[in-house]
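Trainee: Please take me on a close look at a single part of this structure. I am new to it, so I would like to see how that part is put together and what surrounds it.

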Amino acid sequence: MGKRGGKQEEPQDLWGSRRGLDLGALKRGFMEHLKFTQGRIPRIATLNDNYMALAYTVKDRLLHRWVRSGETYLKGGLHAVGYFSAEFLMGPQLANNLINLGIYEEVRDAAKESGGDWNALLDHEPEPGLGNGGLGRLAACFLDSLATLQIPAIGYGIRYEFGIFRQSIMNGEQIETTDKWLYLGNPWESHRPEIAYDVKLGGHTEYFTGDHGRLQVRWVPDRVVRGVAYDTPVLGYRVNTCNTLRLWKAEAAESFDFQAFNVGDYYGAVDEKVYSENITKVLYPNDEPAQGKQLRLEQQYFFVSCSLQDMLRICLMGALPPTKFHEVFSVQLNDTHPALAVPELMRLLIDEHGIGWDEAWEVTQKTFGYTNHTLLPEALEKWPLPLFRSLFPRHVEIIFEINHRFLEKVRAQYPGDEDRAARMSLIDETGEKYIRMSNLACVGSFAINGVAELHTELLKQHVLRDFYEFFPEKFSNKTNGVTPRRFMVLSNPRQAASITRRIGDGWITDLDQLRKLEALTEDKDFKADWSRIKRLNKSDLADAIRHRTGIVVDPDSMFDIQVKRFHEYKRQHLNVLHILTLYNRIKENPDIDIVPRTFIFGGKAAPGYFMAKMIIRLINAVANVVNYDPDVRDRLKVVFFPNFNVKNSRLIYPAADLSEQISTAGKEASGTGNMKFSMNGALTIGTLDGANVEIREEVGPENFFLFGLTAEEVFDLKSKGYRARDFYEGNQQLKDVIDLIASGHFSAGDSDLFQPLVDSLLYHDEYLLFADYQSYVDCQDLVSQTYRDRDTWTQTSILNVARMGKFSSDRTIRQYCDEIWKVSPVPVSLEDPYHEET
């Protein structure tokens, strides 16, 4: 069996070129795949041929572990995790799998020795953009930790043909183009056409008397879509456990209508195929039009129905009745997107397996855990009842029955409190009727958790207060974490190697061991090495910035970075106000002594989010002026790094000096970018929001730049009637900045261009930029003052890394395992129970 911290030992056999981890076996495997999979000889092989051959060579090693993991799990008696997420932002797989196998350096060196361009090989791999941001990346981190901790698990999601759009910047504006991540094929997935399920949509229900005189329901659909499985192996770090990410692709149940074809309707002959495949064609369409909403809802149901049917099949394979489903699987709902799993499991148990309501409801409630990821009321999904009924007539009946029984209990506990019953109802009846997915998830789950301590408390106090008072035992906190394998070992190999030389490599699977670095904060050699590594990382990013944007930046300046999805509550425009404050200071006194800074932004705005896209345009407009103003003399540079994703985060997180985590307090559930930056030695400027609160507690208040209102102060200020214009009129520095934007200074004299943004701030300022502005600017002045003392800055950087142990996704997953799922590790051995060579 493999051991942590070193290469895995395995039996010698005739499959060495498929299994062996020694360089000879890897080279033989590569040449075999180049010849027999790609059909190429080295002399004419393309970069893609070489990448595919290497990927298949690595996948062979994964498949060996994958098969042994499956064999181990099928022995029975296991309790496994099913992780349901509409998004999985896995990132490129090649380098990550090499690291988890323990052969990254050997393969890299061999590639270089053979004359290959290793970086070009890694860059060639497309990124599967199957997520919008933090939610999908968190799911990927969790799969990594589940496998590393040797927990039997399967991730279920959607195989979007086109992922999140590719972002480019043209004339300062975000331009979206199609993400064709599959255009060269995907060597990591295995198509499973034999694992496929029918998914019904539309139609009506019929009641009939079944066996034993029992009233039963038959759903007669308008159409049926087929869901087909595509599996990706997910290997743990230096263990043999290899779990599965199973993504579903939609296909037509019948892909060709010969009758339509025979009468000359050639387009109609393939209509069903086109319509069905549209369900998994693209990640989350813009949900403003009614058609977009319908497609998103169909996506959510499609993947939970396929997944639950698949899990019931696995139960039956183990000769276990459906009534034991919850004893085999604990299913975690990653936000409300998979909440339809609650009525769908009820439907499958009652209608397809003949189980009575009470027993089916007991199984359902013991199966699901629900993770809430938002504090924004508008982000709590709810669906118009007419749309819902048109797609899922049977589920509406089930939801109504769940709601009826649930509200009877609410009214019994709170007699006469009809307002409470209305708030807790699964149906919003205040106007047009809606189905509330968060309420459904709360009622149908045995556990409900937030993703940071502050977030969980705010859920209890505000967003889900009624449910907390009714089900206090269901609620707990599970602060998010990220995997150090990808975001330290892979992203920042220089820093990882430096740490390992001093404290060993145990920290990679036990991040608390980083505490040993605290003893090195006075070590001159270690600090010098730390600073040297940061400078090299910044040079790498500077090279990428020059290559991708044409902007030349100075690696000796402070790299002040904010990369995340664009949203007004994340306040990228507050960052811009600070940049313009510094710009105004320089214009007033060109000889002012100012710490040189490079401000780097990255992230995507939803295609239909007008204000977020306007903020991106403002950043680029400011860059075009500030970067070329002779008075600035390169002391300020502003960069928008296009198409931020997991792949290019490898350049960005390790290069940051300052991490901007400046959301309005009480709006960010957790955040994980804050953790990734801190793990890579950046200092944080932030509000007391999301996981910032716990990061500050861990690293120490003196090592965190805190500013702004608290969540409680935000609520108080808004309840008293917040007037943004009072702050504007009362702060000359702020007024000058806003007036400069409004004047057209950054839009070639066009004073109308940014007027919607200016008006939004002056007359609404929903996220309190003006209220936090002065505190933010003052705190940024302290940042500059601290940065002048590079020795102190380096010590603080080391301490930030040393105190990040809490924020490993391994810790998060252990808590889920112990406190919610009640699952235990199941080690996997590579010893074969039979001799395959015979």
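Mentor: What follows starts with one edge of a sheet and then steps back to the wider surroundings.

First, some ground rules. This is a predicted model, in which local features need pLDDT of at least 70 and side-chain atom pairs count only at pLDDT 80 or more, while totals for chains, interfaces and linings use all residues. Residues are numbered from 1 along each chain as its sequence is written, and side-chain values use heavy atoms, with hydrogens and water left out.

Let us look at strand 19. Helices (H or I, at least four residues) and strands (E, at least two) are DSSP runs, numbered from the N terminus. Strand 19 belongs to an open sheet of six strands, ordered 19-18-17-20-21-22 and paired in parallel. Strand 19 (636-640) and strand 22 (705-706) are the edges, and each has a single partner strand, so one side of each lacks a neighbour in the sheet. Two strands count as paired if DSSP finds at least two bridges between them.

The partner of strand 19 is strand 18, and five bridges join the two in the parallel sense. One pair to find on screen is F601 with F640, its bridge partner in strand 19. Strand 18, helix 24 (residues 610-626) and strand 19 together form a right-handed β-α-β unit. Right-handed here means that, with the strands pointing away from the viewer, the path from the first strand over the helix to the second runs clockwise.

Is this edge strand buried or exposed? Strand 19 is mostly covered, with five of its five residues buried. Buried means under 20% relative accessible area, exposed means over 50%, and partly exposed lies in between (1.4 Å probe, protein chains only). Follow the side chains and you will see L636, V638 and F640 pointing one way, with K637 and V639 pointing the other way; all are buried.

Helix 22 (residues 524-549) lies across strand 17 (558-563), strand 18 (597-602) and strand 19, and runs at about 65 degrees to strand 17. For such angles, axes are lines fitted to C-alpha atoms, for helices over the stretch in contact, and the values run from 0 to 180 degrees between N-to-C directions. Contact means heavy atoms within 4.5 Å.

At the other edge, strand 21 (residues 683-686) pairs with strand 22 in the parallel sense over two bridges. There, I685 has F705 in strand 22 as its bridge partner.

Now compare this with another sheet. It is an open one of nine strands, in the order 5-8-9-2-1-10-11-15-16, and its pairing is mixed. Strand 5 (190-201) and strand 16 (475-477) are its edge strands, each pairing on one side only. From one strand to the next, the twist averages 25 degrees. Strand 15 (residues 447-450) runs parallel to strand 16, joined by three bridges, and N449 stands opposite S476 in strand 16. Helix 18 (residues 453-463) lies across strand 15 and strand 16, at about 160 degrees to strand 16.

Some helices are well covered too. Eight of the eight residues of helix 4 (residues 94-101) are buried, so helix 4 is largely enclosed by the rest of the structure. Its buried residues pack against several elements, among them helix 3 (47-73), helix 5 (104-113) and strand 8 (223-235). Just after helix 4 comes G102, with a positive phi of about 85 degrees. Helix 12 (residues 341-352) has 11 of its 12 residues buried, so helix 12 is likewise largely enclosed by the rest of the structure. G354 follows helix 12 and has a positive phi, near 70 degrees.

Finally, the whole view. The protein has 34 helices and 22 strands. Its radius of gyration is 28 Å, close to the 28 Å that the globule rule gives for 838 residues, so the protein is as compact as a globular protein of that length. That radius is taken over C-alpha atoms, and the rule is 2.2 Å times the number of residues to the power 0.38. Buried residues make up 60% of the 838 residues, and the C-alpha atoms fill a box of roughly 90 × 75 × 60 Å along the principal axes.
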